[in-house]
Amino acid sequence: MAIEVQSEELMKTLPHRELPFTLQPLEKLARNFWWSWTPDGPAVFRDLDSEIWEECEQNPRLLLGKISDLRLAQMAADPVYIERVSRLASAFDNYISDTRLWSSGKRSSVITSEHPVAYFCAEFGIHSSLPLYSGGLGILAGDHLKSASDLNLPLIAVGLLYHFGYFRQQLRLDGWQQESYRETHPADLAIAPVTDSDGKRLLVQVWMRGRMVQSQVWHADIGRVVLYLLDTNIPENQETDRLVTGHLYGGDRETRLVQEMILGIGGVRLLRALGVTPHVYHLNEGHSAFLTLELARELIQSKGIRFSEAAGLVRQRCVFTTHTPVSAGHDEFERQLLEKCFGGAAIQELGLTPDEFAALGQITPGKSDEPFGLTPLALRMCRSTNGVSRKHGEVSRSLWQKMWPERPVNEVPITSVTNGVHAPTWVAPLIRSLYEKHLGQDWIKKDAASWAEGMARVPDEDLWSAHCLLRARLVAFMRHRMFQTSLARGESAEETAATRTMLDRDVLTIGFARRVAEYKRWALLLSDSARFERLVNDPERPVQFVFAGKAHPQDQGAKLTLQQVAKEISHPLVRQRAAFLEDYDQEIARQLVQSVDVWLNVPRRPFEASGTSGEKVAMNGGLNFSILDGWWLEGYDGANGFAIGDSAVDTSDVDAADAASLFRVLEEEIVPLYYDRDDNGIPHRWVSMMKRSIATLVPLFNSDRMVAEYAERIYLTD
């Protein structure tokens, strides 16, 4: 069956307007998320109407529908703007038409357009205008797709279209987090329906909970990469089943289970309907692990073989990346629920008894009271498993050694590929311009030696000036957001007016933004409130802090921690030097990582699988101040940032020891170094550390290196 992606059909669902002919290329550009990471891409859309751009949360599809006819006519007659649009459209055409596929350089690649990588993930953080993500896993997946596109590595991705996405966050006056959900309408997004050769919507069927559930399919263009999204919200399904793809990580255990059945089983069936035969299936986290069972079922039915033989063939085609360093973070389901959702017929099609089926997801097969885990299933059914940093690989080998009881820990077959971030997405245009000037247009491809030479050529004054402008932009952004938040909360006129002057563009600014979870130790910095107050109120060398992050709606302990932090930083003695940004998302993250002087990270070792925010900060010249865990354990060299504590895990009061180290380094090293200025106000020793951070970290911790490493070491086999 021939399958086509009907972008024109999507247009029928949107309020259609004819753009002036000089601006018509914008319509094509708005349909592919390439614009979001290319130079001048976001600015071209923003400059049409900056207010509407922010109102529609940087969604170019909505912008083009809402902008006034007058403004369109004005910009359509502006020769400077017309040239920018033309230049951007030409760059896009050249990018898309480049047929030179990625090559390993060592051997002929078997990853081709006919046999691509199939990348499965429960969330994708492509851009804030496609709200299919909650945090780090999704952002990493989005960066993976972008780098695959830039490298021209043949890859297609499979995920779910969530109609309500992840929750939006507001804090009450007492600091307690409140959640709300906004419905996402497909017609507002840069996605298109997938239809068959007869022009009918492609439907993918999965039997679960005793009935057939159908999913329609959407498609999004991420540069040269295609992201397919399964969606159960169609009239053919029962109401309960329409909500399967309702909320990201929402609902009860049963909802989570059937979501993962749609992703894994439905995803494989989608690829079959598309006529795609992947070279390899990449399970990014365990949410899609059921795809291995669907592949086995196909082989059993087509070849008439037993499950054990089919499983061996499936292993040759699947690879697995685990992101979670603790057992409690892995999805598990009670056997009764598993059998209810799958049904006896599905288990019989695999040629397995219920006990044999349950054993696939158990650490100790045959243990009747042990739940079914997706990570044990993925470990059994994939030829390769990797963690996301060297330390996480080590932790994962220890965590899952019980799956290989006959092997010592160091021989457990779990490797690692350290995470990286997509430089064009996260580097500020001001900083990018310095890289282009001193390293060349192909700066991201340079090796470490070239980066060291290039950064040595950057005048201290230029790097510091660019960074100061970005910090000033962050302060303006914070004041604007905090003013709007104060109005929405109904705070007093005095408190609202105070947001107009909070923070200072010339003060050492430290960012702390991440999910609110116990092991991330949000309260560590505030464990000594008197010391914290002295830091922010120092008349000669003050420090200011910017916080952002969400607590999971069901995690009452995390919400209580967040409330305590919100109360602490709203105290009259510190509120002008500390602020919490609500509803942490990709745009807030971009503002922070491009602008802060220091990025603070204090997870309890060894529970930071990798972390990527600090990598984004380093790309913009900010300095990391972190526990030696995850990626920072690999990146820190003693002179390119700051460490809290050491890499050992102490069994005594590690929180108290780390808090003491945090304050000591802050007071004795960071603050004095930052405020050591010459007569022109330039902190040369600080800037020297910025340059070293950039030169040593950017070449290694970027997603182009990460994706190439996956291709070389994980996707390709000898």
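**G611 is partly exposed, with a relative accessible area of 24%.** Here buried means under 20% relative accessible area, exposed means over 50%, and partly exposed is what falls in between, using a 1.4 Å probe and protein chains only. Welcome to a predicted model, where local features need pLDDT of at least 70, side-chain atom pairs count only at pLDDT 80 or more, and totals for chains, interfaces and linings use all residues. Residues are numbered from 1 along each chain as its sequence is written, and side-chain values use heavy atoms, with hydrogens and water left out. To find G611, look in the loop between β19 (598–601) and α26 (613–619); helices (H or I, at least four residues) and strands (E, at least two) are DSSP runs, numbered from the N terminus. R514 is 97 residues away from G611 in sequence, yet their C-alpha atoms are 9.5 Å apart in space.

**A cis peptide bond joins R605 and P606.** Omega is about 0° for this bond. P606 sits in the loop between β19 and α26, and G611 has its place in that loop too. As background, most peptide bonds are trans, and most residues other than glycine have a negative phi.

**Q58 and L503 are shown for their backbone angles: phi is near 60° in Q58, and phi is near 60° in L503.** In Q58 this is a positive value in a residue other than glycine, and the description also holds for L503. Q58 belongs to the loop between α4 (50–55) and α5 (60–66), while L503 belongs to the loop between α22 (493–498) and β16 (508–513). Both residues are tucked away from the surface by the area criterion: Q58 is buried at 9% relative accessibility, and L503 is buried at 4%.

**Helix α20 packs against helix α29.** Two packed helices are described by the angle between their axes and the distance between the axes. For α20 (residues 448–457) and α29 (residues 684–697), the angle is about 155° and the axes are 8 Å apart. That makes α20 roughly antiparallel to α29. Axes are lines fitted to C-alpha atoms, for helices over the stretch in contact, and angles run from 0 to 180 degrees between N-to-C directions; under 35 degrees counts as roughly parallel, over 145 as roughly antiparallel, 65 to 115 as roughly perpendicular and the rest as oblique. The crossing of α20 past α29 is right-handed, meaning that the near helix is turned clockwise from the far one by less than a right angle. On the α20 side, A448, W451, A452, M455 and A456 meet K691, I694 and A695 of α29, where contact means heavy atoms within 4.5 Å. The residues of this contact divide into seven nonpolar, no polar and one charged. Ala, Val, Leu, Ile, Met, Phe, Trp, Tyr, Cys and Pro count as nonpolar, Asp, Glu, Lys and Arg as charged, and the others, Gly among them, as polar.

**Helix α28 also packs with α29, at an angle of about 105°.** The axes of α28 (residues 654–674) and α29 are 7 Å apart. That makes α28 roughly perpendicular to α29. From α28 come I670, L673 and Y674, and from α29 come R685, W686 and M689. These contact residues divide into five nonpolar, no polar and one charged.

**M75 is a buried residue of the protein, at 7% relative accessibility.** Its home is helix α6 (residues 69–76). Not counting residues up to four places away in sequence, M75 touches L23, D47, L48, Y81 and I82. Take L23 as one of these partners: L23 and M75 are 52 residues apart in sequence and 8.2 Å apart in space, C-alpha to C-alpha.

**S384 is found in strand β14 (residues 384–387).** S384 is buried, with a relative accessible area of 14%. Leaving aside neighbours within four places in sequence, S384 is in contact with C318, V319, F320 and I714. Stepping back from the close-ups, the protein has 30 helices and 21 strands, and 59% of its 718 residues count as buried.
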